Amino acid sequence: METNGIATLWKKYNLLHEQLKVELGRTSNLTGEYAEYLINAYLRGDLLKPSTHSADIIVNDLFYQVKSRRTSKTLNTQLGIIRSWDFDFLAVVLFDNVGKVLKAMLYPKETVLEYAKKNRLQNGWVLSMTRQVLDHKSGTDITQSLRKINQD
């Protein structure tokens, strides 16, 4: 690709990034913000302010934290750090590299606590989406519902 083509793509990317940031109206972590948008559309709750400690969405006095990741072919990926446990459910959305929903799950906090590993360096806990976690009996698979909202 020629230099002008790269520069053009870079400018288009940044323009779209800014437009999406404005539409979502929150932070510049677009993968996370879009996952929150999808989960909130599914739950029909209320998005909390981005500065809210530990939770992203509230529905009927239940708090949901949303974690997401863009990943290539494998679902086995590590999610972002969990810094506190002041939520009732964890919603996980895994996207492919073009934005399609690969997998979406809801887990009770107790399940996440069972599998999360303390990470002292990052001052929190890390959850890896292993087959054990993905197939856990307490998880609710909402992949198809989110694919409809995302129009996959």
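**Exercise 1. Place P108 in the predicted model.**
Task: State which strand holds P108 and which residues P108 touches, leaving out residues up to four places away in sequence.

Solution.
Step 1. P108 has its place in strand β5. The model is a predicted one.
Step 2. Leaving out residues up to four places away in sequence, P108 touches D88, F89 and S138. Contact here means heavy atoms within 4.5 Å.
Step 3. I57 lies 51 residues from P108 along the chain, and the C-alpha atoms of the two are separated by 14 Å.

**Exercise 2. Describe the chain as a whole.**
Task: Give the number of helices and strands, the pattern along the sequence, and the overall dimensions.

Solution.
Step 1. Five helices and eight strands make up the secondary structure of the chain.
Step 2. Along the sequence, the pattern reads α-α-β-β-β-β-β-α-β-β-α-β-α.
Step 3. The chain has a radius of gyration of 16 Å, close to the 15 Å given by the globule rule for 152 residues, so it is as compact as a globular protein of that length.
Step 4. The C-alpha trace spans about 50 × 35 × 30 Å along its principal axes.

**Exercise 3. Lay out the sheet.**
Task: Work out the strand order, the edge strands, and the helices that pack on the sheet.

Solution.
Step 1. Six strands form an open sheet in the order β1-β2-β3-β4-β5-β8, and the pairing is mixed.
Step 2. β1 (46-47) and β8 (140-141) are the edge strands, each pairing on one side only.
Step 3. Helix α2 packs on the sheet and touches β1, β2, β3, β4 and β5 (101-108). The direction of α2 makes about 135° with that of β3.
Step 4. Helix α5 (residues 143-150) also packs on the sheet, where it touches β4, β5 and β8. Its direction makes about 130° with that of β5.

**Exercise 4. Compare the two pairings of β3.**
Task: For β3, say whether the pairing with β2 is parallel or antiparallel, and do the same for the pairing with β4.

Solution.
Step 1. In general, strands of a sheet pair through backbone hydrogen bonds, either parallel or antiparallel.
Step 2. Strand β2 (residues 57-59) and strand β3 (residues 62-70) run antiparallel and are joined by three bridges. V59 has L62 in β3 as its bridge partner.
Step 3. The hairpin of β2 and β3 has two residues between the strands, and N60 takes a positive phi near 50° there.
Step 4. On to β4 (residues 89-95): β3 pairs with this strand in the parallel sense, over seven bridges.
Step 5. Two bridge partners show this pairing residue by residue: Q65 has L90 in β4, and R70 has F95 in β4.

**Exercise 5. Examine the largest pocket.**
Task: Find the volume of the largest pocket and describe its lining.

Solution.
Step 1. The space in the largest pocket comes to about 560 Å³.
Step 2. Its lining has 23 residues, and N29, E36, D56, V66 and K67 lie nearest the centre.
Step 3. α2 (30-43) and β3 are the elements that give two or more residues to this lining. The largest share, five residues, comes from β3.
Step 4. By class, the lining of the largest pocket divides into five nonpolar, 11 polar and seven charged residues.

**Exercise 6. Examine the second largest pocket.**
Task: Do the same for the second largest pocket, and say which element gives the most to its lining.

Solution.
Step 1. The volume of the second largest pocket is about 420 Å³.
Step 2. Thirteen residues line the second largest pocket, with L20, L30, T31, R70 and G99 nearest its centre.
Step 3. The elements giving two or more residues to this lining are α1 (3-24) and α2. α1 gives the most, with four residues.
Step 4. Seven nonpolar, five polar and one charged residues make up the lining of the second largest pocket.

Key. Residues are numbered from 1 along each chain as its sequence is written. This is a predicted model: local features need pLDDT of at least 70, side-chain atom pairs count only at pLDDT 80 or more; totals for chains, interfaces and linings use all residues. Side-chain values use heavy atoms; hydrogens and water are left out. Two strands pair if DSSP finds at least two bridges between them. On a 1 Å grid over the protein atoms alone, a cavity is a set of points where a 1.4 Å probe fits but cannot get out, and a pocket is an open set with protein on both sides within 12 Å along at least five of seven lines; lining residues have an atom within 4 Å of a point. Grid points are joined across faces, edges and corners, and a volume is the space filled by probe spheres set on the points. Ala, Val, Leu, Ile, Met, Phe, Trp, Tyr, Cys and Pro count as nonpolar, Asp, Glu, Lys and Arg as charged, and the others, Gly among them, as polar. Axes are lines fitted to C-alpha atoms, for helices over the stretch in contact, and angles run from 0 to 180 degrees between N-to-C directions. The radius of gyration is taken over C-alpha atoms; the globule rule is 2.2 Å times the number of residues to the power 0.38.
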